[in-house]
Amino acid sequence: MTELSRIRNFSIVAHIDHGKSTLADRLIQLTGTVAERDMQEQLLDSMDIERERGITIKANTVRIEYPAQDGHTYILNLIDTPGHVDFGYEVSRSMRAVEGSLLVVDASQGVEAQTLANVYQAIEADHEIVPVLNKIDLPAADPDRVREQIEDVIGIEAHDAVEISAKTGLGIPEVLEAIVKRLPPPHGGDPDAPLKAMLVDSKYDAYLGVIVIVRIIDGTLKKGDRIRMMKTGGTYDVDDVGIYRPAMTSVKELGPGEIGYLNASIKQVRDTRVGDTITHEKRPCDKALPGFKPSVPVVFCGLFPVDSSEFEDLRTAIEKLALNDASFSYEMETSAALGFGFRCGFLGLLHLEVVRDRIEREYDIELITTAPSVVYHLHMKDGTMRELHNPADMPDLTHVSHIEEPRIKATIMVPDEYLGDVLKLCQERRGIQLDLTYAGTRAMAVYDLPLNEVVFDFYDRLKSVTKGYASFDYQMEGYREDNLQKMQILVNDEPVDALSMMVHRDRAEQRGRAMCEKLKELIPRHMFKIPIQAAIGGRVIARETLSAMRKDVTAKCYGGDATRKRKLLDKQKAGKKKMRQFGKVDIPQEAFISALKMDS
Amino acid sequence: MTDADWQAGGFGLYVHWPFCAAKCPYCDFNSHVTAHVDHGRWARALVSELRRNAARTPDRVLNTVFFGGGTPSLMDPSTVDAILLEARSLWPAANDMEVTLEANPTSVEAGKFRAFRDAGVNRVSMGVQALNDADLRRLGRLHSAEEAMAAFDVARNIFDRVSFDLIYARQGQTLVDWQAELRRALALAVDHLSLYQLTIEPGTAFGDRHARGGLRDLPDDDIAADMYDATQEICESHGMPAYEVSNHAAPGAESRHNLIYWRYGDYVGIGPGAHGRITGPHGRLATETHRMPGQWLAQSEAGNGDSLTEPLSLADQAAEYLMMSLRLSEGTDRARLKRLGLEPEATTLQHLSGLGLLRVTETSLSATMAGRRVLNAVLRDLLAG
Ligand SMILES: Nc1nc2c(ncn2[C@@H]2O[C@H](COP(=O)(O)OP(=O)(O)OP(=O)(O)O)[C@@H](O)[C@H]2O)c(=O)[nH]1
Ligand SMILES: C[S@@+](CC[C@H](N)C(=O)[O-])C[C@H]1O[C@@H](n2cnc3c(N)ncnc32)[C@H](O)[C@@H]1O
Ligand code: SF4
Ligand SMILES: [Mg+2]
């Protein structure tokens, strides 16, 4: 067991892409934790999707040993966290397991929205913060300006921020020294007290089953122990305990202040609750840890197999993915238009994309994704409240007294010159300005926005109006009543349930028009003309007409090559399979999602 | 199947000559440019292929022969002569056997017309393509409009039946341009015209240019559709209605060979990449020969030029019959279609006739003029399921 004073636990936090994972690489490398030949970039980002997209999705823990200048060897447990706002929950729970944070700031970019969000969380978790200015190898790096910015905008001391290049390795020894000197060791911790451990995370491993990441507060955890999860009540026999270096390595025991894993033949990630307290069944601790608020899905959409015969395969795929990802929810859904599928809830649009990608690639099922929707609260005339996850399920309005929608508090950081465009965008999206401050040439705007206006394409639009210079972060802020209605889309006079959406009265016409225009582009011409309409409660608010196809014939005669023609038609028929039929109209699958990603 | 079904179509012979003087940028036919062709060897190989095919089509009367390409007018007339002589000895020929040869309208070829006639050719189809030099150049043609007209005059003096091809919906062409060009063509035409809308084919020079964003001034689909409609009207008023999607003739002057394809009759195909449909004791066969000239020659000399001989399922036959016959204004015989196992659903027929695309009677299905313009879509509906 390691003496507490020789342990440092910390998370590495930053805005997306500021270099957390690269810094983790250097720390792992300089301490010789991984053999040089096994080193690769963003070593901890081991999921295919992470490697492909170059981002971190799951937080990762590693133990490294560092012989410090004071002559002692320290045990450092680092947690590399994701930067994307969808996975903010990973950051907050990681922070609860450690005592300090390395706040990485890209010295060429400066403080961004997630930098701020992370600092607030770190402060809330009582962390000691060591600011690290990364990427000083870049010509555009301006560490002095960024130091000033950190002090002005965040209000934390930055004169002793460590200047590094995670890419070249410059400054890494200084980071290691700063960790040892400036971050505190774990507080308290009695190895002989009853076991009290925090369930930090759990992940599913195809060979080992569920692996639980724990932080020991008091007591010791050993192989063979019988443990109890205090919230869920589950009891298990511990098969193995160990640490990540970053490969899983068994150890005899884990003591106070240590972070490691346990394996206890738990079947599903769902059987574990992040934030739960783990104790011994025989000799439990008296008080559980406060626990964390569970992450809740905020964006919902329908996933349907393109080939309806693959529904059962889709069910299997979703169930398997859910084993490994407790943050997404699912329930069966039937759509008149799309048949059987699942309504799934996600932490955000990126999370949605990641799950969809994995189903398509790992399980080889082509999917139709319907328009994402948020969860509305329907307050009924009889005083009850219903959650509406799917606009298609909207009940008869005569029973509804009013509708509430989820709102967020959004923080946007942007260079001055783009501020006007950002304010305009927020305005268009029904935003209410809460705050506007300046730090140097950057502005920080805080807005109260409806989540619904943000989920589809807000981030894309923000990036495009600011040429990529703005950053964005948000928190859920509760529900508020507004003038919301269900808009239906009729194609060839038939309503297409999967295209229904909730809209605000003031935005209805505009959205309706944009939808109809987009669908007109996406639906191929047919042999007849097709009216495309948006309607609210039977009243048509927008209309487009897709004119009939005028020409589709093979002009030439290739001698007697009838085979060629037959093959051509077979190919066209296969193309048609990728579309869904609504009455006599074929709608391509892209229409269901891209129709909603529109400039409006 | 009743005998009447395949006999209704007649029986023809297609001979593919795969060489051209230059490759046209729009063309995706099986055509190749070669410095030297050993005409004697080719003639012998073609004749041996004829014999091989005659053995599996006994008791048939040969109604038509078609020399297509490529550029069959580059053939040695003696090759044409040898093939026709052999064909006549292998099958009894109909009294009025139609023998067509595709010709490129250059002076070189025009000089050979008399020899082709002497060999037995009685109809030529000339690839005029456009009536002005600027457009001919853009189509990569080796002849001028004047040269084409001169060749056409020579042909008219030698053959009773002469047709020519035009390609329209070309780069920069307007509806008015085409209407004027078509009227000029009709004034020149004898009794048959093939009018093809330019199709950009992948794998051709035009296809590549188009994929890279070139060929910008092509008429869009709506203008092309207007051109198609105008073509139908103008030709009809000149007594040359469309009897097929792209083919126009005075009544009785249709290409009988091509009618065999469209009526889904039997035909033997020889030469590189030629297709055949032949009915034998065990049903209908699809045949296909090696596409590459060198390979075809070697295989044919070794005894068999086929790359594929495959029995056709009834379902495939039904689809092919429908696809081919709906191209014709006379349309499809429903009883024959039914014997092949295909009966389109009543609701589909109603829908298509309601849209004014299909004429439905007790005995036949035929595409209206509007229906022919979107025939692929009509076929997709009829064959769906
Ligand atoms: N020039 C330069 N590039 C760096 C440096 N550190 C990281 N990068 C690059 O910045 C990009 C993002 O680095 P990551 O380490 O994946 O960033 P991250 O903060 O872990 O990103 P997320 O996990 O997605 O939030 C990569 O292309 C790195 O190669 C540096 O010091 N200098
Ligand atoms: C087999 S081709 C060749 C005949 C002859 N070699 C010639 O070019 O004159 C028959 C006809 O198809 C037409 N054709 C070829 N390629 C075409 C294309 N891409 N689009 C439209 N018509 C085409 C031309 O009118 C051509 O005359
Ligand atoms: S269009 Fe005629 S001449 Fe031109 S390449 Fe094709 S077959 Fe040969
Ligand atoms: Mg990362």
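Helix α6 of chain A, residues 172-182, lies across five strands of that chain: β1 (7-14), β2, β3 (73-80), β5 and β6. The helix runs at about 170° to β5(A). This is a predicted model.

**The sheet in chain A**

Six strands of chain A form an open sheet with mixed pairing. Their order is β2-β3-β1-β4-β5-β6. At the edges sit β2 (60-67) and β6 (162-163) of chain A, and each of them pairs on one side only. Strands of a sheet pair through backbone hydrogen bonds, either parallel or antiparallel. In chain A, β4 (residues 100-106) and β5 (residues 128-134) run parallel, joined by seven bridges. Within this chain, A:Leu103 has A:Pro131 of β5(A) as its bridge partner.

**Where the chains meet**

Chain A puts 23 residues in contact with 38 residues of chain B. On the side of chain A that touches chain B, eight residues are nonpolar, five are polar and 10 are charged.

**The site of ligand 2**

Ligand 2 is surrounded by 18 residues. The closest are B:Tyr26, B:Gly127, B:Asp165, B:Tyr196 and B:Thr199. Why is the site around ligand 2 shared between chains? Residues from both chain A and chain B surround ligand 2, so the site is shared. Three strands of chain B, β2 (62-69), β4 (123-129) and β5 (161-168), each supply at least two residues of this shell.

The table sets out the classes of residues in two places.

| Place | Nonpolar | Polar | Charged |
|---|---|---|---|
| Shell around ligand 2 | seven residues | seven residues | four residues |
| Side of chain A that touches chain B | eight residues | five residues | 10 residues |

Technical notes
Residues numbered from 1 in each chain as written. Chains lettered and ligands numbered in written order. Predicted model: local features only at pLDDT ≥ 70, side-chain atom pairs only at ≥ 80, totals over all residues. Near = placed C-beta within 6 Å. Helix = DSSP H or I, 4+ residues; strand = E, 2+ residues; numbered from the N terminus. Nonpolar A, V, L, I, M, F, W, Y, C, P; charged D, E, K, R; others polar. Pairing = 2+ DSSP bridges. Contact = placed C-beta atoms within 7 Å. Axes fitted to C-alpha atoms, helices over the stretch in contact; angles between N-to-C directions.
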